[in-house]
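Biologist: Please take me through this model one feature at a time. For each, give the general idea and then the case here.

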Amino acid sequence: MREVVNLQEQERFARQITGRGGQTRRVGEMAPRAMVNPRRKRRDKLALPAVPAAADQKRVVKIAGEISVGELARLLGAKSPAVQGKLMALGIMVSINQTVDIETSRSLAAEYGFEVQDVGFKEEEFLNADVAPGVDDAVEVEGELVSRPPIITVMGHVDHGKTSLLDAIRDTRLKVVDGEAGGITQHIGAYQTTAGSKKLTFIDTPGHAAFTAMRARGAAVTDIVVLVVAANDGVMPQTVEAIEHAQAAGCPIVVAINKIDLTDADPQKTQQRLTEHNLVPEAFGGDVICVNVSAKTGEGIDSLLEMIGLQTEVMELKAGIERRARGVVLEARLDKGRGPMATVLIQDGTLKRGDVIVVGTESGRVRVMDDDLGAKVTEAGPSMPVQVQGLSGVPSAGASFYAVESDRVAKQIIAHREDQARGKVTIAPAKYTLEEFFAHADGGGPKELAVVLKADVQGTCEAVRDALETLSTEEVNLKILSAGVGGVNENDVMLASASGAIVVGFHVRPDPAARKAADGHGVDLRTYTIIMELLDEVRAAMAGLLPPVRKENMLGRAEVRQLFVVPKVGTIAGSIIVEGKASRDAHCRLVRDSVQVYEGRMGSLRRFKENVREVSNGTECGISIANFNDLKVGDEIEIFEVEEVPATL
């Protein structure tokens with residue numbers, strides 16, 4: 001038995017010292033790597049340190065567009081305060097919950113060795129889906145481009161004849177200027193006319209100072225600017241502003257010097273004034289075309305159209321007609337019977353009835369399209385203005401619109417835009433200090449006039465709102481509680497009633513329920529059709545919040561020559577009127593050695609022993625001052641009256 005055990009031990013020992021394939025090794029020699037226990041080998045692998053990445057190898061984080069600072073810090077494996085510090089170094093002051101754009105995320109991630117991939121919603125891919133790859137989104141594929149009519153914006157100072165000139169060009173019986181309140185254009189009007197064999201699209205913009213944003217919008221979509229300058233007035237403030245808008249947009253300018261039929265017209269002087277604003281006419285060796293016209297008689301209209309045609313040929317304007325339409329909203333309003341309506345200008349492509357369009361956060365299918373004459377059309381090509389119905393709401397004037405593939409795509413785009421809007425930083429309203437609060441409670445400090453504004457179209461609403469906000473002063477602040485499109489309704493009146501505001505309607509009227517509510521709650525409801533009248537009356541209402549101004553009118557001056565003390569009456573100053581007159585019911589001021597001692601009212605005024613109402617210059621009299629007896633010989637008494645006049649801004 002002992003021999004069997006020894007034999008087994010020898011065989012086991014032999015197996016330990018014999019390698020794979022019968023190879024032998026000495027006792028104490030390390031076993032080959034393949035002979036290591038597999039379980040031990042797995043433990044060794046887990047224990048090995050990670051291999052460091054190469055210096056040029058970057059880790060990738062995927063971000064869907066904008067991202068909050070806290071979430072970005074989490075993806076980068078950093079602490080939020082450290083990320084905020086790096087953003088502060090880049091000049092970006094944000095909190096942890098505020099968002100940063102993709103470019104900021106890229107620059108920040110690079111410092112941590114990360115590469116950012118934007119996996120967010122790409123709105124441009126849906127809006128420009130039919131543009132050839134590698135081609136700029138403003139250019140159509142070669143071979144599909146066609147000539148398009150020029151977009152011409154008529155600009156200039158108020159009452160210089162812009163709309164009348166457009167009427168003369170259109171030669172229409174329905175004069176546009178007759179339909180404008182006060183003969184002043186207060187909306188952007190888009191019209192298409194034919195000159196010879198060419199179509200021209202004209203945009204008429206307001207000239208009043210309140211409509212700066214509308215003029216800027218007109219210049220932004222135009223190809224050529226026709227600057228109308230009256231030959232009798234010359235270059236005026238809004239003329240200069242129109243020049244600046246056109247030059248900022250890089251548009252060529254054709255100057256129409258209007259009203260040459262007037263006796264005081266001086267076209268030559270007008271051209272000289274234009275040179276002061278970097279517009280050098282061709283007559284003076286420059287490159288600006290100037291045409292003398294008369295919108296009233298029609299003189300020079302053909303020459304103006306010819307010059308516009310020549311300018312158009314030089315520009316070689318082209319656009320695509322096969323792609324989906326895109327353009328800009330010129331005006332928008334809410335029609336009570338037809339719903340939201342928008343006047344749009346097609347800049348590229350063809351808009352067809354039934355197309356789905358997206359503008360801002362509104363969308364809809366085009367149900368009806370009307371041209372500038374009110375005729376129904378089924379499609380509209382480049383440079384054509386049309387009025388469309390079918391949007392879900394009133395869009396913002398000046399916003400771009402796009403025709404998209406389907407309702408589903410439109411909803412995705414709007415949802416994306418709404419998410420972006422929610423991520424924007426909002427500025428908290430200003431808070432009053434305790435001292436300011438008490439100042440307001442005591443009637444001191446700045447006053448405030450609250451306004452609920454309603455207008456007929458979006459562009460006009462923006463213009464009137466901007467004009468009203470400029471009326472605010474240090475004494476009176478004007479606050480727009482609400483500004484919207486459409487008629488004045490009961491909700492507007494109730495808002496004004498709760499806030500102590502006035503309701504202002506521009507080119508709109510209140511409905512019966514709104515009038516009844518205004519009468520019942522004592523709300524001031526005013527409607528206007530001319531911008532100047534609106535601004536003047538609101539300015540007067542603001543001035544009415546201020547206390548009246550105390551104004552002194554000097555009546556006369558007396559010198560004290562002798563003093564008398566009368567029991568139960570007081571000190572009587574025997575005086576002589578050396579200037580003006582003295583009145584018994586007037587205010588008076590006692591002056592001693594050029595220093596005011598007392599101010600009050602006259603107590604009595606006597607001539608000899610009789611009470612008199614008035615004493616004229618050079619006359620001796622007795623004067624007493626109410627509640628004051630410290631009079632001395634040589635004092636001067638100034639007599640004046642106080643008048644309270646309404647305050648002005």
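Biologist: What is the mean pLDDT of the chain?

Modeller: pLDDT is the predictor's confidence in each residue, from 0 to 100. Here the chain mean is 76, and 76% of the residues reach 70 or more. The model is predicted, and local features need pLDDT of at least 70, side-chain atom pairs count only at 80 or more, while totals for chains, interfaces and linings use all residues. Residues are numbered from 1 along each chain as its sequence is written, and side-chain values use heavy atoms, with hydrogens and water left out.

Biologist: Where does pLDDT stay under 50?

Modeller: It does so over residues 17-36, which have 11 contacts (heavy atoms within 4.5 Å) beyond four places in sequence. Residues 38-56 are also below 50, with zero contacts beyond near neighbours in sequence.

Biologist: Which residues have the most contacts inside the largest nonpolar core?

Modeller: Such a core is a set of buried (under 20% relative accessible area, 1.4 Å probe, protein chains only) Ala, Val, Leu, Ile, Met, Phe, Trp, Tyr and Cys residues joined through side-chain atoms within 4.5 Å. This one has 22 residues, and Leu449, Val451, Leu468, Leu478, Val504, Leu534 and Val538 have the most contacts inside it.

Biologist: Which element gives the largest share of this core?

Modeller: Helices (H or I, at least four residues) and strands (E, at least two) are DSSP runs, numbered from the N terminus. Helix 17 contributes six residues, the largest share. Among the other elements giving two or more are strand 21 (447-455) and helix 14 (458-469). Another core, of 21 residues including Val254 and Ile308, lies apart from it.

Notes: Buried means under 20% relative accessible area, exposed over 50%, partly exposed in between (1.4 Å probe, protein chains only).
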